[in-house]
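Visitor: I'd like to learn how to read this fold. Where should we begin?

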Amino acid sequence: AAARECSIVTAEGGVPLVTGEYAEYANFDYAASAPCLTSVAEALSEALPFYASVHRGAGHHSQVSTDAYERARRSVARFLGVRTQADQGGSADAVVFVRGTTDAVNLLARAVPEGCTVVVFESEHHASLLPWEHPASRAAKVVRLPLPESPEAAVGAARAALAEAPEGPRLLCVTAASNVTGEIWPVEELVEAAHAEGARVLVDAAQYVPHLPFSLTGTGADYVALSGHKLYAPFGSGVLAGRADWLREATPYLAGGGATRKVTEHDVVWNDLPARHEAGSPNVLGAVALAAACETFTNRTLSLQHIREAALLERLRAGLAEIDGVHELTLWGAEHARVGIVSFVVDGLPADLLASALSAEYGIGVRDGLFCAHPLTGHLLPEGHTQAVRASLGVGTTEEHVDRLVGAVADLVARGPRWEYADCDGRLAP
Ligand code: PMP
């Protein structure tokens, strides 16, 4: 119980965190969900006494909440560098609050115009890979591209696929930073290539925005999707932002209150954006939390955090590289730019066993498995391995954590786990 006491961790030069970070625990699972920032917790506790249903009531709390919700939308818009009306000669980008990246991509899959071809790399997280092929998707054709051998090959393959696509609307869906390898994809070049073919681009920025600034205006991307819980704001909030026309013309993602302007016995007139795709009572606190994280991560804070994290990442990778039998997963080679994520396998130590031993014996939290990116992780696994371990870094990561992880892996390689772990598919260490 003592170990569960909550304390505020302020990493040197970093951003303060609250909740569940305790001294003995080395959290290396930021890529799954990041702990809450103190600024987010403060914004939540300020909003909590006043929350009410938005856009509906004339009462004080409803007005305060509506104001907070729309302010949150403006903060998220600034964070993502959305295009304003003047930028694109008439149509500002829409910022739609959703539940997370999965929700955002599914929404766009239902909003693409009739006859749309969607091009997507097999390396995508399932959230960006699968919605296009779901029965509810409006995509007429989905082209899955194999894993590219280099960033340049990715750009070439995307351009060729878009050029060969049937006449009509086309969309390229691409991740900005891989949740498996952390590798950064050449978003600007992909956008340029897609635009040259008259296609649009959706960027899955779920793993990118907690580490580096992203801007729709700066990259020229047409849409971006992200999740609050990966950006240090708890679950249930996310965003789809981008070109308004497709979203405005599409049938609402969910039918219900808020998405409607007028309903008669025989007819319904749907609302305009963003309410059109936000049916039901909106998640005001989720939006407030996400906005607080966006306000904390200014370009400057993120850039400083990235520098700090890059040093920790290099320390981790260098340490792991020294250990016999450790293999890092990488698509484009160890030198390619990445965010604070490293996935690896250890010969002779199944990933689930390794992860369990790291947790129970060393107080280290990593993730094991295929990370909801089966085609990519499956392809990168060396012979004889069926799963990998992922260590992901964030604002609370310290040198001590990194050294503990490297030391623990070295220790486990040298002498194996101390205990048996019955929940590890029975694959106990020799
Ligand atoms: N895309 C990427 C790259 C991710 O890492 C994740 C989460 N693991 C998602 C999409 C899905 O995010 P969510 O579960 O918040 O919808």
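Guide: With the labels. Helices and strands here are DSSP runs, numbered from the N terminus; a helix has at least four residues and a strand at least two. Keep in mind that this is a predicted model.

Visitor: Then try the labels on one residue. Where does Tyr-232 lie?

Guide: Tyr-232 sits in the loop that runs between strand S7 (223-227) and strand S8 (238-242).

Visitor: What is the phi of Tyr-232?

Guide: Start with the general idea. Most residues other than glycine have a negative phi, and most peptide bonds are trans. Tyr-232 has a phi near 70°, a positive value in a residue that is not glycine.

Visitor: And the peptide bonds? Which residues does a cis peptide bond join?

Guide: Leu-273 and Pro-274 are joined by a cis peptide bond, with omega about -5°. Pro-274 belongs to the loop between strand S10 (268-270) and helix H9.

Visitor: What joins S9 to S10?

Guide: A hairpin does, through 4 residues. Strand S9 (residues 260-263) and S10 run antiparallel, joined by 3 bridges. For a register mark, take Thr-260: Trp-270 in S10 stands opposite.

Visitor: Now the sheets. What is the strand order in the sheet of 7 strands?

Guide: Read across the sheet, not along the chain. The order is S2-S8-S7-S6-S5-S3-S4; the sheet is open and its pairing is mixed. Strand S2 (94-98) and strand S4 (141-145) are the edges; each has a single partner strand, so one side of each lacks a neighbour in the sheet. Ignoring direction, neighbouring strands are turned by 15° against each other on average.

Visitor: How many bridges join S3 to S4?

Guide: There are 5 bridges between strand S3 (residues 117-121) and S4, and the two run parallel. One bridge to look up: Val-119 has Val-143 of S4 as its partner. In a regular strand, side chains alternate between the two faces of the sheet.

Visitor: What order do the strands take in the sheet of 4 strands?

Guide: S11-S12-S15-S14, in an open sheet with antiparallel pairing. Strand S11 (326-328) and strand S14 (367-369) stand at the edges with a single partner each, so each has one side without a neighbour in the sheet. From one strand to the next, the twist averages 30°.

Visitor: Which helix packs on that sheet?

Guide: Helix H10 (residues 299-321) does, touching S11, S12 and S15. The direction of H10 makes about 10° with that of S12. Within the sheet, strand S12 (residues 341-346) pairs with strand S15 (residues 388-392) over 4 bridges, in the antiparallel sense. There, Phe-344 faces Val-389 in S15.

Visitor: Helix pairs next. At what angle do H1 and H9 pack?

Guide: Two values describe a helix pair: angle and axis distance. Helix H1 (residues 38-47) and helix H9 (residues 284-296) pack at about 145°, with axes 8 Å apart. The crossing of H1 past H9 is right-handed. Residues in the contact include Val-40, Ala-43 and Leu-44 of H1, and Val-288, Ala-289 and Ala-292 of H9. By class, the contact of H1 with H9 has 9 nonpolar, 2 polar and no charged residues.

Visitor: Now zoom out. Which domains does the assignment give?

Guide: The domain assignment gives domain 1 as 2-30 + 298-415 and domain 2 as 44-296. Their C-alpha centres lie 29 Å apart. The contact takes 26 residues from domain 1 and 22 from domain 2.

Visitor: Which elements each supply at least two residues on the domain 1 side?

Guide: H10, S12 and helix H12 (374-380). H10 gives the most to that side, with 5 residues. The side of domain 1 that touches domain 2 divides into 14 nonpolar, 10 polar and 2 charged residues.

Visitor: Last, the ligand. How many residues surround it?

Guide: 14 residues, with Gly-100, Thr-102, His-125, Asn-179 and Ser-227 the closest. Helix H3 (101-111) and helix H4 (126-129) each contribute at least two residues to the shell. Sorted by class, the shell around the ligand holds 3 nonpolar, 10 polar and 1 charged residues.

Notes
Residues numbered from 1 in each chain as written. Predicted model: local features only at pLDDT ≥ 70, side-chain atom pairs only at ≥ 80, totals over all residues. Near = placed C-beta within 6 Å. Nonpolar A, V, L, I, M, F, W, Y, C, P; charged D, E, K, R; others polar. Pairing = 2+ DSSP bridges. Axes fitted to C-alpha atoms, helices over the stretch in contact; angles between N-to-C directions. Contact = placed C-beta atoms within 7 Å. Left-handed = near helix turned anticlockwise from the far one by under 90°. Domains from an automatic or database assignment.
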